[in-house]
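Visitor: I would like to go through this model term by term. Please set each label against its cut-off.

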Amino acid sequence: MLREFLRTLNVDCPTWARQLGLAREHAAIAARHERARAAWAPHLAASGETILAGAARCPTRRRGLIIGAGDCLDVPVAELVDQFDEVWLADVVVSPAARSLARRFRGRLRCVSWDATGALARLAGGRRTITPAAARLLFEQADPGPPPGGESDLVVSANCLSQLGLVPGHSLSAAERDKKLPDACAAAAARRHLDWLAKRSGVRVLLADSARLDIAPDGRVLKRENLRGRFGLRAPDRVWRWQLAPIPEWSLEFHRVHEVGAWIDGATTSMEPIQ
Ligand SMILES: C[S@@+](CC[C@H](N)C(=O)[O-])C[C@H]1O[C@@H](n2cnc3c(N)ncnc32)[C@H](O)[C@@H]1O
C-alpha cells in the first residue's frame, strides 16, 4: 500500500486527474502487474504483436502515437522507435518508466500528459456537484482536440478504452447515489473515443476489453459482462484472454479475466490471423 502511494507521487499528472483517481489507478495497475507478471505475459505479447501488425500496414512511418501508453508494458517501444521517425507516448499519467524511455530514445520518443477524453479537467471541477446526466453529457460532447504531435501514420489506443470514463466516474459524488453512473460514463467516454479515433487519417490499432469474465478455479464461467455491444464495436479482428487478476488477487472464488479484442483499420483491409 505504502509502495503504491509512493508510486503516485512519482508520476507527472495534472491535479484534476489526481482528483479523479487516475494517479492511484496507474499505481494499482503497475502493482498488479508486478504481482501477476507471468499471468499477464501472453496478453502483453499479443498486444505488442498486434501493434507491430498495425505498423506493418503503414505506407509511411513519420510518426507513431500510443494513447494510454502507461508504463508501455504492452507497447513494443524499441521496435516502433526503429521503424518510425518519431514516437509519441500519450497518457494522462506520465510515469517514471515512460520518462526513462524518453531519455533512452532521446530525440525519437516523447511522452506527453494528454487527456484522451477532453472532459476530465471540467469534470474534476464539478466532481462534488455534477449530476449523472450532466456527467454523461460531458463525456459525450467533450473534444480532446487534435492528436498530440499532429496526425500520425499509426495511432494506437492501448488497452485504455474501458477505463476512460470508468475510473473518473467512480470519483464523482453522484456515483454514491447512482451506482450505474461509472458504467454510464465508461460507455459515453468509450463511444466518444471511438468517434475520435475513426476520424484519424493513419492506421488505427484499437486494443480494448470486449468482455469481463469471472472464472471459477474449475474453469466454469460464473459471470460474463459484454462490453463490445455497450461500446458499439464491430466484431474484433483478433481476440485473446488477459488473466488480469488470478485468484486471490481480486477474489478467493474466481479469476478475473478480460477478453481483449484488437481492431486494425486503415491502409490495407486484410489482416494476418495471429499464430
Ligand atoms: C490498463 S492501462 C493500459 C496499459 C498501458 N498501455 C501499459 O502498458 O502500461 C490504461 C492506461 O490508460 C490511461 N488513461 C486512463 N484515462 C486516460 C485518459 N483520459 N487519457 C489518456 N490516458 C488515460 C491510464 O493512465 C493507464 O496508463
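Guide: What follows takes cysteines, the ligand, strands and some backbone angles in turn.

Guide: This is a predicted model, in which local features need pLDDT of at least 70 and side-chain atom pairs count only at pLDDT 80 or more, while totals for chains, interfaces and linings use all residues. Residues are numbered from 1 along each chain as its sequence is written, and side-chain values use heavy atoms, with hydrogens and water left out.

Visitor: How do you know that C58 is in no disulfide?

Guide: A disulfide is a pair of cysteine sulfur atoms within 2.5 Å. The search of the whole structure finds 0 of them. For C58, the nearest cysteine sulfur belongs to C72 and is 17 Å away, so C58 is in no disulfide. C72 is in no disulfide either: its nearest cysteine sulfur, that of C111, is 8.4 Å away.

Visitor: Why is C58 called buried?

Guide: Buried means under 20% relative accessible area, exposed means over 50%, and partly exposed is in between (1.4 Å probe, protein chains only). C58 has 4%, so it is buried. C72 has 8% and is therefore buried as well.

Visitor: What is the phi of C72, and where does C72 lie?

Guide: The phi of C72 is positive, about 60°, although C72 is not a glycine. The residue lies in the loop between β1 (63-67) and α5 (77-83). Helices (H or I, at least four residues) and strands (E, at least two) are DSSP runs, numbered from the N terminus.

Visitor: Which other residue has a positive phi without being a glycine, and why is it called buried?

Guide: N159 has a phi near 55°. It is placed in the loop between β4 (154-158) and α9 (166-170). Its relative accessible area is 15%, which is under 20%, so N159 is buried.

Visitor: Which residues come nearest to the ligand?

Guide: A residue is near a molecule or strand if one of its heavy atoms lies within 4 Å of it. There are 21 residues around the ligand, and G68, L73, D74, D91 and A116 come nearest.

Visitor: What makes the pairing of G68 with the ligand a polar contact?

Guide: A polar contact is a pair of N or O atoms within 3.5 Å; within protein, one must be able to donate a hydrogen and the other to accept it, and residues adjacent in sequence count only if both atoms are side-chain atoms. A backbone N or O atom of G68 lies 2.8 Å from a ligand nitrogen, so the pair qualifies. For L73, a backbone N or O atom is 2.8 Å from an oxygen atom of the ligand. For V92, a backbone N or O atom is 3.4 Å from a nitrogen atom of the ligand, which is within the cut-off. The protein covers 95% of the 590 Å² of accessible area that the ligand has on its own, with areas taken from the Shrake-Rupley method.

Visitor: Why is L73 called partly exposed?

Guide: The relative accessible area of L73 is 31%, between the two limits, so partly exposed is the label. L73 is in the loop between β1 and α5. R191, found in helix α11 (residues 181-198), is also partly exposed because its value is 41%.

Visitor: How do you know that β2 is covered on both faces?

Guide: E86, W88 and A90 on one side and V87, L89 and D91 on the other are all buried. That agrees with the count for β2 (residues 86-91), in which 6 of its 6 residues are buried.

Visitor: What makes β1 and β2 a pair?

Guide: Two strands pair if DSSP finds at least two bridges between them. There are 5 bridges joining β1 to β2, so the two pair, and they run parallel. One bridge has R63 with E86 of β2 as its partner.

Visitor: Which strands are joined to β8, and by how many bridges?

Guide: Strand β5 (residues 203-215) is joined to β8 by 11 bridges, antiparallel, with V205 opposite I264. Strand β7 (residues 238-245) is joined to β8 by 6 bridges, also antiparallel, and R238 has A262 as its bridge partner. In β8 (residues 255-265), 9 of 11 residues are buried.

Visitor: Where is the cis peptide bond?

Guide: It joins I247 and P248, with omega about 10°. P248 is in the loop between β7 and β8.

Notes: Areas by Shrake-Rupley, 256 points an atom, 1.4 Å probe, with all protein chains shown as cover.
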